[in-house]
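User: I would like a close look at one part of the model below, set against the fold around it. Please keep the answer connected and plain.

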Amino acid sequence: MIDEMVARLNAQVAGLNGRAEGVLALMDLLRSNRLPENATAMVYPAGFRGLAPADATGVFSQALAESYGVVLVVSSRDKVGRKALEKIDPHLRSVMSALAGWAPVGATGVFQVSSGRPLSFKEGRLMFELVFSINTNLRVHP
C-alpha cells in the first residue's frame, strides 16, 4: 500500500516535485538528523484498529481500519515558523485531495483523512503529520 501511496503523491501533488518517498527515507532522515531543503513527503504504516467482527458460519471475518501516515517537511527560514505554516497549507490540501476518496487497485475501501498535527519545527523546517485510514477485511477459515 505504501508504494501505491507514494506513486499517487508523486503523480498528483505538483508541489512535491516527485519527492514523496516511503518509510525507509523517513528512517534515514531521523537516524542522520538531517532534514530536506525542499517540500518532501514520507509515507509510513501507522497501525490499524480492529472493528466489530461479523457473524458467519465457518469463517471469521473482521473489518480493520488500516492507518498510514504522511509526514510533510517544508522549509522556512523564519525563527517562529509562521511562514512555514503558510507554506505548508497548500501542500496539506494537495496531499489530502490526492489520497482522500482514492484506493489502490484491489482495495476494499477508500482512504479517508483521520487526523493531522504538527510534529516539530526545527532548523527552519516544519514537520507535519497527516494520518489516513482505509477499511480492509480480515478473513480467517478456522
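Among contacts in the protein chain between residues at least 6 apart in sequence, what percentage join residues at least 24 apart? With that as background, take α3: which of its residues are buried, and what covers them?

Analyst: The model is predicted. Among contacts between residues at least 6 apart in sequence, 59% join residues at least 24 apart. The chain holds three helices and five strands, in the order α-β-α-β-β-α-β-β from the N terminus. Its C-alpha trace spans about 60 × 25 × 25 Å along the principal axes. Of its 142 residues, 42% count as buried. The chain exposes about 8,000 Å², and 53% of that comes from carbon and sulfur atoms.

Now to α3 itself. The helix has 18 residues, which at 1.5 Å a residue should span 26 Å; its end C-alpha atoms are 26 Å apart, so the two values agree. The helix still bends by about 30° at Ile 88, with Pro 90 following within four residues. After the helix comes Gly 101, which has a positive phi near 85°.

The buried residues of α3 are Ala 84, Ile 88, His 91, Leu 92, Val 95, Met 96, Ala 98 and Leu 99. An α-helix has 3.6 residues a turn, so residues three or four places apart point the same way. In the list of buried positions, Ala 84, Ile 88, Leu 92 and Met 96 are one such series. Ile 88 therefore appears both as a buried residue and as the site of the bend. The cover over these buried residues includes α1, β3, β4 and β5.

The same helix matters to the count of the nonpolar core. The largest core has 28 residues, and those with the most contacts inside it are Leu 9, Val 70 and Val 95. At least two residues each come from α1, β2, β3, α3 and β5. The largest share, seven residues, is supplied by α3. Leu 9 shows the link to the helix: among its contacts are Val 95, Ala 98 and Leu 99, which are buried residues of α3. Leu 9 also touches Val 70, Ala 41 and Val 43, among others. A second, separate core has seven residues, including Met 42, Tyr 44, Val 71 and Val 73.

Next, the strands that take part in the cover. β3 and β5 run antiparallel and are joined by 16 bridges, with Leu 72 opposite Phe 128 in β5. β4 and β5 also pair in the antiparallel sense, over nine bridges. These two strands form a hairpin with two residues between them, and Glu 123 in the turn has a positive phi of about 50°.

Glu 129 lies in β5 and is the bridge partner of Arg 117. Its relative accessible area is 11%, under the 20% limit, so Glu 129 counts as buried. Glu 129 touches Tyr 44 and Val 71, which are members of the second core. Its contacts also include Val 70, one of the residues with the most contacts inside the largest core.

A last point of reference is Ser 61 in β3. Ser 61 is buried at 12% relative accessibility and touches Pro 53, Ala 54, Leu 138 and Arg 139. Its C-alpha atom is separated by 32 Å from that of Leu 9, 52 residues apart along the chain.

Notes:
Residues numbered from 1 in each chain as written. Predicted model: local features only at pLDDT ≥ 70, side-chain atom pairs only at ≥ 80, totals over all residues. Heavy atoms only, no water. Core = buried A, V, L, I, M, F, W, Y, C linked by side-chain atoms within 4.5 Å. Buried < 20%, exposed > 50% of the residue type's maximum accessible area, 1.4 Å probe, protein only. Contact = heavy atoms within 4.5 Å. Expected span 1.5 Å × (residues − 1). Bend = angle between axes of the 7 residues up to and from the residue. Pairing = 2+ DSSP bridges. Areas by Shrake-Rupley, 256 points an atom, 1.4 Å probe, with all protein chains shown as cover.
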